[in-house]
Amino acid sequence: ARNFDLVVVNTIASYDAIYTLSNSLPPVLWWIHEGSFAFSMMKAQMPKKVGNNVHIYSICDYTTTALANAGFGSYRVNSLPWGIRDFSQDSARVPNEKFMFVISGSLEERKGQDIVIEAISKQDPQSLSNAKFIFVGKTLDENIHAIISRAAISNPSIEYINSLSRSEALHLYAEADCMIVASRDDPMPLVSVESFILSKPIICKCCKKCK
């Protein structure tokens, strides 16, 4: 690391680099973009203090507050929001036969796919006959995967896709009528920004601050 002018450490999962490089050379930019769910799981591993050469940036005010609430109020945190290239498309989209909802993200409790499945189970058959729910994401939690798999077997309106390339995912988002972001804890999921760029309405869980 001493051969570089700057080290960028991405996410709290890279905390080992902070231990190694604190009070050393070169300067370190630690970009943190997790929320309280992640901090509750990882705070025992994260350093309580960092060296003066470590400059901490969070993705948003929510992450900064979550850090403080997790016991890292001593961190000197600045803001470093992110953005992505505008890839909006002006071409007309062919309407779907059924209203298509897309739920994209790794299968885990934090992402809340089970919340969507429960909501679907409460809909009347007539409404479901006119809708399609496509879940996309690799499995991190076998329990969430099982919930989706069982629902897909009993309900023809539900489909699960294990993984897609970025171009395939963006094509699916472009075809969707509505995106669902059901995360229990998520500072700013990429899929929400991509959906806004494609002018898609989003159903999402409101954070406590919004309430």
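Let's start with a pair of residues: Val7 sits opposite Val28 in β2. That pairing belongs to a wider match, as β1 and β2 run parallel and are joined by 4 bridges. Keep in mind that what you are looking at is a predicted model.

Stay with β2 for a moment. How many of its residues are buried? The count is 5 of 5, which leaves β2 mostly covered. In a regular strand, side chains alternate between the two faces of the sheet. With that picture in mind, look at each side of β2: Val28, Trp30 and Ile32 are buried on one side, while Leu29 and Trp31 are buried on the other, and both faces are covered.

From here it's a short step to the largest nonpolar core, which has 19 residues. Within this core, Trp30, Phe39, Met46 and Tyr75 touch the most other members. Several elements chip in with at least two residues each: the strands β1 (7-10), β2 (28-32) and β3 (54-58), along with the helices α1 (15-21), α2 (36-42) and α3 (61-69). The largest share comes from β2, with 3 residues. This fits a broader habit: nonpolar side chains in soluble globular proteins tend to be buried together.

Now move along the chain to another group of strands. Strand β5 (residues 99-104) runs parallel to β6, and 6 bridges join the two. If you want a landmark, find Ser104, which stands opposite Val136 in β6. On to the next pairing: β6 also pairs with strand β7 (residues 158-161), again in the parallel sense, over 4 bridges. Here Phe133 has Ile158 in β7 as its bridge partner.

So is β6 enclosed or open? Of the 6 residues in this strand (residues 131-136), 5 are buried, so the rest of the structure largely encloses it.

Next, have a look at a residue in a loop. Glu109 lies between β5 and α4 (113-121). Is Glu109 buried or exposed? It falls in the middle: its relative accessibility is 41%, so it counts as partly exposed, because that label covers values between 20% and 50%. Setting aside residues up to four places away in sequence, Glu109 touches Phe37, Asp114, Asp141, Ile144 and Arg184. You can also check its spacing from Leu140: the two are 31 residues apart along the chain, and 9.0 Å separates their C-alpha atoms.

For a contrast, turn to Ser195 in helix α8 (residues 190-197). Ser195 has a relative accessible area of 0%, so it is buried. Which residues does Ser195 contact, leaving aside neighbours within four places in sequence? They are Met179, Lys200 and Ile202.

Finally, step back and take in the whole protein. It has 8 helices and 9 strands, and its C-alpha atoms fill a box of roughly 65 × 35 × 30 Å along the principal axes. Of its 211 residues, 42% count as buried. Among contacts between residues at least 6 apart in sequence, 68% join residues at least 24 apart. On the outside, the protein exposes about 12200 Å², with carbon and sulfur atoms supplying 55% of that area. As for charges, there are 21 positive and 21 negative ones, and their mean positions are 7 Å apart.

Note on methods
Residues numbered from 1 in each chain as written. Predicted model: local features only at pLDDT ≥ 70, side-chain atom pairs only at ≥ 80, totals over all residues. Heavy atoms only, no water. Buried < 20%, exposed > 50% of the residue type's maximum accessible area, 1.4 Å probe, protein only. Contact = heavy atoms within 4.5 Å. Areas by Shrake-Rupley, 256 points an atom, 1.4 Å probe, with all protein chains shown as cover. Lys, Arg positive; Asp, Glu negative; His and termini not counted. Charge placed at Lys NZ, Arg CZ, Asp CG, Glu CD. Core = buried A, V, L, I, M, F, W, Y, C linked by side-chain atoms within 4.5 Å. Pairing = 2+ DSSP bridges.
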